[in-house]
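Me: I should like to go through a structure and ask, term by term, on what grounds each description rests. Please set each value against its criterion before you conclude.

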Amino acid sequence: MSTDLGREMHALVERLYPLCRSITGDGVRSTLDIVGELIPLTVHEVPTGTQVFDWTVPREWNIRDAYIADSSGARVVDFRASNLHVVGYSTPVDTTMTLDELRPHLHTLPEQPDLIPYRTSYYEPDWGFCLAQSTLDSLPDGRYRVVIDSTLADGHLTYAEHVVPGRVADEVLVSCHVCHPSLANDNLAGVAVASALARRLAGANPRYTYRFLFIPGTIGSITWLARNHERVGRIRHGLVLACAGDPGSLTYKRSRRGDAEIDRVVAHVLAASGRPHRIVDFSPYGYDERQFCSPGFNLGVGCLTRTPYAGYPEYHTSADTPDFVTPEAMADTLETVWEVVGVLEGNRHYVNLSPYGEPQLGKRGLYESLGGRSDTKQAQLAMLWVLNLSDGDHSLLDIAERSGLPFAAVAAAADALHDADLLKE
Ligand code: ZN
């Protein structure tokens, strides 16, 4: 199962990789068109100039071509070879200049001389090129033709939502960013895992309603929050998915609250899984959890990554290719999120309807039901814990944490006790 799904997710990453995305523009639209083939999307177009809290939706950026050509006309830096070569949101340029005049507009990574960096200038009008230090070092002095065929014009900011309706209106938010150009782990793996999760939930008849956001980073989440201010109260839990496909181990960054249910659920799932992992505290730096956890909202939204941003040398460089992300890692991220969903779905508060002394399990057939099981001892213990702690205050997750039993065992015990009329929700 995992392998097939992993391969499907990887194929999506490969397909989306060549598109030149940014926080606005046709690259985002093409990306959403492709994701929309897998899951139905509601695409929103928000006009330039729209006020969204303290921000304004910027002009829309589109780019057709860009290059630096030497005196013979040969392209020494070519947008067609890699869209990372152009600083995102570069203003149009068509001129000739000497290499020294050009240098202030060139960005390299001297420490990683063969890689192209990823740079943007969304809110300061500017233009520039990114290139390998080794390429720059090979350029002779002389005059160069510099062309960026881009437009910055009134248009729209584009984002998409996908909703899996649940049995209750309370929502779980799953958010990923779609604003990076040819970078595989830092955005496309998150898009692929979110899409696969949405498809899996579609057949699961979930309790919660699941809302997936495919949005440009920062301005996209701020725009969504501003346009859905009255809906935000329905969000019970949320996860930002990013850097979801590198071979490193999982890292969970807690919500600003630190002890939100999502924080405890992810910690429980990671610990119970035996996977190597890290859990880090909230900080107001990173992905869109910064906006969902801003003090006016303070939502229970954490961030799940594998190796976190800036934690791997390929981060924000031309080395973050589809080869850097693996089907196995994406399948493992998906599986982890699926287990988190399972605990969120199953976590309830029950009241023991027979709280005076232990109820007699044998006469209700609850011992026989445990008979042939290989985990009889654990199942019996789970029943005793659930009965003892189900006073309305303790959730099944509380009971799992306190007993040290896996959540699934506690939830199964609660189901059996509920069927025997010993518990009510
Ligand atoms: Zn990034």
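Reply: The model is a predicted one. A suitable place to begin is the sheet of eight strands, which is open and has mixed pairing, in the order β1-β10-β12-β11-β13-β16-β14-β15.

Me: What makes β1 and β15 edge strands?

Reply: β1 (42-47) and β15 (277-280) each have a single partner strand, so one side of each has no neighbour in the sheet. On average, neighbouring strands of this sheet are turned by 20° against each other, direction ignored.

Me: How do you know that β11 and β12 are paired?

Reply: Pairing requires at least two bridges between two strands. Seven bridges join β11 to β12 (residues 209-215), and these strands run parallel; the criterion is therefore met. Within this pair, L173 stands opposite R211 in β12.

Me: Which helix packs on the sheet, and which strands does it touch?

Reply: Helix α2 (residues 26-38) does, touching β1, β10 (156-164) and β12. The direction of α2 makes about 15° with that of β10.

Me: Why are H180, D186 and H316 called donors of the zinc ion?

Reply: A donor is an N, O or S atom within 2.8 Å of the metal, the limit that applies to zinc. The atoms concerned are NE2 of H180, OD of D186 and NE2 of H316, at 2.0 to 2.1 Å from the ion; they therefore qualify as donors. Their spacing in sequence is H-x5-D-x129-H.

Me: What makes H180 and H316 a link between distant parts of the chain?

Reply: These two residues are 136 residues apart. H180 lies in the loop between β11 (171-177) and α5 (184-202), whereas H316 lies in the loop between β16 (301-305) and α9 (327-346). Both histidines are buried.

Me: Why is H316 called buried, and why D421 exposed?

Reply: Buried means under 20% relative accessible area and exposed means over 50%. H316 has 19% and therefore counts as buried, while D421 has 60% and therefore counts as exposed. H316 has a positive phi of about 55° although it is not a glycine. D421, also not a glycine, has a positive phi of about 60°, and is found in the loop between α12 (407-419) and β19 (423-424).

Me: How is the chain divided into domains?

Reply: The domain assignment gives domain 1 (2-58 + 156-346), domain 2 (61-153) and domain 3 (349-424). The C-alpha centres of domain 1 and domain 2 lie 31 Å apart, and their contact takes 23 residues from domain 1 and 16 residues from domain 2.

Me: How much area do domain 1 and domain 2 bury between them?

Reply: They bury about 1,500 Å², with 58% of it on carbon and sulfur atoms. On the domain 1 side, C20, I23 and S318 lose the most area to domain 2, together 28% of what that side buries.

Me: What makes N83 a buried residue, and what is it in contact with?

Reply: N83 has 6% relative accessibility, under the 20% limit, and therefore counts as buried. N83 is found in the loop between β5 (75-78) and β6 (93-98). Apart from its neighbours within four places in sequence, N83 is in contact with Y17, P18, L19, C20, P181 and S182. N83 and Y118, 35 residues apart in sequence, are 9.3 Å apart in space, C-alpha to C-alpha.

Technical notes
Residues numbered from 1 in each chain as written. Predicted model: local features only at pLDDT ≥ 70, side-chain atom pairs only at ≥ 80, totals over all residues. Heavy atoms only, no water. Donors = N, O, S within 2.8 Å, 3.2 Å for Na, K, Ca; no water. Helix = DSSP H or I, 4+ residues; strand = E, 2+ residues; numbered from the N terminus. Buried < 20%, exposed > 50% of the residue type's maximum accessible area, 1.4 Å probe, protein only. Axes fitted to C-alpha atoms, helices over the stretch in contact; angles between N-to-C directions. Contact = heavy atoms within 4.5 Å. Domains from an automatic or database assignment. Buried area = accessible area lost by both parts, 1.4 Å probe.
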